[in-house]
Amino acid sequence: MVTINGETQAKDGMLLPDFLQEAGYDSRAVAVEYNGVILAKEDYAATRLKNGDVVEVVCFMGGGC
């Protein structure tokens, strides 16, 4: 089981880009914290979710005053 944004999910074994796509995230507009470390975008493709991992996905939003 993997904890993603505070919710436990059965996503172990899944590659991070596949999870992001499945969950509807635009990987160009998110930051991912993986076990307490912010991942560089170039590391997404090699990151496979494992049992016990903790992942936080933060979306960027545009806006103004």
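**Exercises on a predicted model**

The open sheet has five strands in the order 2-1-5-3-4, and its pairing is mixed. The structure is a predicted model.

**Exercise 1.** Determine which strands stand at the edges of the sheet.

*Solution.* Begin with the strand order, 2-1-5-3-4. Strand 2 (7–9) and strand 4 (37–38) each have a single partner strand, so they stand at the edges and one side of each lacks a neighbour in the sheet.

**Exercise 2.** Describe how strand 3 and strand 5 pair, and state which residue of strand 5 stands opposite Val32.

*Solution.* Strand 3 covers residues 30–34 and strand 5 covers residues 54–59; the two pair in the antiparallel sense over five bridges. The residue of strand 5 that stands opposite Val32 is Val57.

**Exercise 3.** Classify the aromatic pair formed by Phe19 and Tyr25, and assess the accessibility of each residue.

*Solution.* A search of the whole structure finds one aromatic pair. In this pair, Phe19 and Tyr25 lie 6.4 Å apart, centre to centre, with 45 degrees between the planes. Planes under 30 degrees apart count as stacked and those over 60 as edge-to-face, so the remaining class, tilted, applies. Next, compare accessibilities with the cut-off for buried, which is under 20%. Phe19, at 4% relative accessibility, counts as buried, whereas Tyr25, at 23%, counts as partly exposed.

**Exercise 4.** Locate Asn5 and Asn35, and describe the phi value and accessibility of each.

*Solution.* Asn5 is in the loop between strand 1 (2–4) and strand 2. The phi of Asn5 is near 50 degrees, a positive value in a residue other than glycine. At 32% relative accessibility, Asn5 is partly exposed. Asn35 lies in the loop between strand 3 and strand 4. Its phi is likewise positive, near 50 degrees, and at 38% relative accessibility Asn35 is partly exposed.

Notes: Residues numbered from 1 in each chain as written. Predicted model: local features only at pLDDT ≥ 70, side-chain atom pairs only at ≥ 80, totals over all residues. Heavy atoms only, no water. Pairing = 2+ DSSP bridges. Helix = DSSP H or I, 4+ residues; strand = E, 2+ residues; numbered from the N terminus. Phe/Tyr/Trp six-rings, centres within 6.5 Å; stacked < 30°, edge-to-face > 60°. Buried < 20%, exposed > 50% of the residue type's maximum accessible area, 1.4 Å probe, protein only.
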